[in-house]
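Reader: I am new to this structure and would like to learn how to read it. Please show it to me and start with the basic terms.

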Amino acid sequence: MIRRIVLYVGDPANSKTLKKLGYLSLVLVFVADFFVHRDHAIYIWDKIPGWGAFYGFVSCALIILVSKFLGHQGGIMQDEDYYND
Amino acid sequence: MTDWFHPSLLFIFGAAGIPFLSGKVRQGYLMVIPLLAVACVYSMTPGTYWTTTFLGTELTFGAADKLSIVFGWVFTIMSFIGIVYALHVEDRGQHVAAFLYVGGSIGVTFAGDFFTLFIFWELMAFASVYLVFARRVKASIDAGYRYILVHLFGGVCLLGGIVLHYMSTKSIGVGPLDQDGSLGFYLILVGVLFNAAVPPFHAWLTDAYPEGTVTGSVFMSAFTTKTAVYVLVRVFPGTELLVWMGTIMALYGVVYAVLENDSRRLLAYHIISQVGYMVAGVGIGTDLSLNGSVSHAFAHIFYKGLLFMGAGAVIMMTGRSKLTELGGVYRTMPLTLVLYMIGGFAISAFPLFSGFVTKSMVVSGAAHDHRPLVALLLTMASAGTFLHTGLKLPYYMFFGKDSGLEAKEPPTNMLIAMGMAAFLCIGIGVLPGPLYALLPFPVDYHPYTGDHVTSALGILLFTGLGFFMLLKKLDPEPTISIDTDWVYRKGSRVFMWLAKVPVAGTDTVVGDIYKTIICRFTLSFSQFLARVFDLRGIDGMVNGVAAFFIELAGNLRGTASGLVRNYAATMLVGGVVILGYYLFAHLMSL
C-alpha cells in the first residue's frame, strides 16, 4: 500500500492532480484560519487571520534568497576541493 | 546499592563483552544491554545515590531528579533504536565505541559533581571519535582528528572553568552557577557551548557527522549536543546571552542548509538549527521555556535519529551522499522514503507529529516572556526547517531527476529501527501527555488549540508553496560551504607557514650564529685548555710526582745491599733508638 502511494506521488503523470490537491489544501488552511478562536493571542500579528500563511511564505522566500546571496556573493560556497590543495 | 543502579555501568562494562561474541548471540547481547538500561531508568526514583569521597572531595555518580531521569529515558531508548539499526555491522569496535559513548552520555546526565561530569564528558569525546575513524577513508580520518582536537580544546576550557569555580566557591556540585561574570563561569559555559555546537564553536559537528559511519552518525546525532543541552538546562538556566546565541543558531543552521549539497551535512546543519531552540529556551529560563528545551531535546533525538537513519540508508544502498548525484530512488526505496518523511514532518512541527508539541513550547516561552523578535525569528527558522528537511532533501534525494541508481531497501533491522523511531515521532505528537508528565516542571500547556494548528499549517504549507515557486533557485550545486572550521583548516596552514618560514628561518640563523661564533670560541678555548693547562699543568704534575718517586726509589735501592750484617746492624740501631725514646719519655714524665 505504501509502495503504491509513493509510486503514485512520484509518477510525473499525476503531477497535475497533486498540484490541484496542493492548491486545495492551501486554500483550506488559509480559510480555516479565519474561523478559529484566538484566545491565546499575545501579539498583534497573532490576531490577524492568514498571518501564518503570509509569514511562512515570506520566511521561505527570504531564507532562500538571502542564503543564496550570501553563498554566492559572500564567498561561502567554494569548490569541493577547496581544502585539498 | 540495591535501590539504584547506574545505567552507564551496563554500557561501559557491557562493552567489554562485545569482542568475545559473534553472530546471533552478539546481536541479542547488543539489544539486551540497552533494554536493561531502560529498565534501570524505569525503576528509578529521584534521590542521591552512589557517593564516594575521593581526595577529600565528595563525588556523586547518581544524582537523579526529574531532569536527569527524563534525559535518562531518551538516551537509553535511543541507544536501543541505534543499536538495532547497527545490528548488521560486523565491526565490533563500532559497537564497543557506541556503548562507551552512550555510557559517557548517561554518566554526565547522572553526575552530581563537576569532576565526575568531566570524566564522562571526555569519555564521550574519545569513544565517539572512533565512529568517525571507523569509516576508514581519508576524509573521515582527517575529520576525526579535527573533531577530537576541537573537543579536547573544549574539554580543557571546561576543566579550567571547573578548577576556577572550585577555587572560588569550594563547591564542586553540579547546579545553577552564580551569573557573576567570572572567568570560571565563562570557561565552563564555553566548554559546554562547544559540545552544544553553538556558533562559532559548532563547525566540528557539520565537519565530522557526515563523515562518520552510516550507523555511527545516528548515535552521534543523538548524544553529544543533547548531553550539552542537559548541562545547559542544569547549570545555565536564564543566562541572557543564550537567548540570542540560540536564536542566531536556529537561523544559522537554516542558511547553511540552503547551500549544502551533502545529505547528512544538510541534516547536521539542522541539528544546529534545532539545538538553537533548546539553547534559546534555556536562556529565557522560565518554567515553560525550560520544559520546552527539555521536551524538544527529547523529541529531537528520535526525529533526528530517524532522519540520519533514512539518509544513511540511502548512502549505504547507493554509495552516494551528494544531492547532485542522487535522485529517483523513490521507486526502489519507498519504505525508507515514508519513514524518512515521518521524521521530516516531526522536525518541521506538523500537527500530530512530535515537533509540534515540543518546539511550540519554546516559541510560546519566548512570546510569554515578552520577546516578540525571538518568537518571530524562531518561527521563521521553523519555516526553513520544513523547507530543507521536509522538502528539499527528500525532493532531490528520492524524487527530482532520475539518477538511474539501482538501489534496494536497506536490511530489515535498519527498517525496524526506523519504524520504532517513526512510531515515537507520531506517538509523542498524538499523545504528548506522557512526555509532559516526565518534564522537570509542572506543565500547563495545550498545543492543540485551533489557532495554533491553523497558523502552524499555514506557515508550513505556504513554505511549501514558496519552495515549488523557487525550485529552480534551490537546485543543489556541487560546492562546499566555508564555515568557522576555516579558522583551523586554513588557519592551520598559516600556522604551518609561520612554523616553516619565520620560526624555522630564525632557528637556522640562530643555528648559524651558534656554529660560527659560539662553537669556534668553545673549540679554541678547549684547545687552549688542552695545550696549556692539560699538558703543562696536569700532565706536568703527574709526571713530576712520578719522577720524584723514581729518584727516591733509585736512592733507596743503594741501601738494599743484601748483606745480613748490615740488616742486623740497622735493626739494632732501630731497636736502640726506640728503647731510648721510651726511656727518655719515661724519665721526663717522672
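Author: Helices and strands are DSSP runs, numbered from the N terminus: a helix is a run of H or I with at least four residues, a strand a run of E with at least two. In chain B, for example, B:Lys170 is found in the loop between α6 and α7. Residues are numbered from 1 along each chain as its sequence is written, and chains are lettered from A and ligands numbered from 1 in the order in which they are written. This is a predicted model, in which local features need pLDDT of at least 70 and side-chain atom pairs count only at pLDDT 80 or more, while totals for chains, interfaces and linings use all residues.

Reader: How many helices and strands does chain B have?

Author: Chain B has 22 helices and three strands.

Reader: How is the overall form of chain B described?

Author: One guide is the radius of gyration, taken over C-alpha atoms and set against a globule rule of 2.2 Å times the number of residues to the power 0.38. For a compact globule of 590 residues the radius would be near 25 Å, but chain B has 38 Å. The C-alpha trace of chain B spans about 140 × 60 × 55 Å along its principal axes.

Reader: Which domains does chain B have?

Author: Domain bounds come from an automatic or database domain assignment. For chain B the assignment gives domain 1 (7-234), domain 2 (237-476), domain 3 (497-558) and domain 4 (563-590). Between the C-alpha centres of domain 1 and domain 3 of chain B there are 62 Å. Chain A is assigned domain 1 (1-32) and domain 2 (41-85), with centres separated by 25 Å, taken over C-alpha atoms.

Reader: How do I read burial?

Author: Count the other C-beta atoms, placed from the backbone, within 10 Å of a residue's own: with 20 or more the residue is buried, with 12 or fewer exposed, and in between partly exposed. In chain B, 53% of the 590 residues count as buried.

Reader: Is α7(B) largely enclosed or not, and why?

Author: Helix α7 of chain B, residues 183-196, is largely enclosed by the rest of the structure, because eleven of its 14 residues are buried. Among the buried residues are B:Phe185, B:Leu189 and B:Phe194. The elements that cover them include α6 (138-169), α9 (216-235) and α11 (263-284) of chain B. The expected span of a helix is 1.5 Å times one less than its number of residues. From its first C-alpha to its last, α7(B) reaches 20 Å, close to the 20 Å expected.

Reader: What follows α7(B)?

Author: Just after α7(B), B:Ala197 takes a positive phi of about 60°. A cis peptide bond then joins B:Pro199 and B:Pro200, with omega about 5°. B:Pro200 has its place in the loop between α7 and α8 (203-208) of chain B.

Reader: Which phi does B:Lys170 have, and is B:Lys170 buried or exposed?

Author: B:Lys170 has a positive phi of about 60° although it is not a glycine. B:Lys170 is exposed, with 8 other C-beta atoms within 10 Å. B:Leu352 also is not a glycine, and has a positive phi of about 80°. B:Leu352 counts as partly exposed, with 14 C-beta neighbours inside 10 Å.

Reader: How do I recognise paired strands?

Author: Two strands pair if DSSP finds at least two bridges between them. In chain B, β1 (residues 47-54) and β2 (residues 57-64) pair in the antiparallel sense over seven bridges. B:Phe54 stands opposite B:Thr57 in β2(B). Two residues lie between the strands of this hairpin, where B:Leu55 takes a positive phi near 50°.

Reader: How do the two chains meet?

Author: Two residues are in contact if their C-beta atoms, placed from the backbone, lie within 7 Å. By that rule, 42 residues of chain A are in contact with 45 residues of chain B. On the side of chain A that touches chain B, the largest share, 16 residues, comes from α3(A). Pairing also crosses the chains: β1(A) and strand β3 (residues 479-481) of chain B pair in the antiparallel sense over three bridges. There, A:Asp79 has B:Thr479 in β3(B) as its bridge partner.
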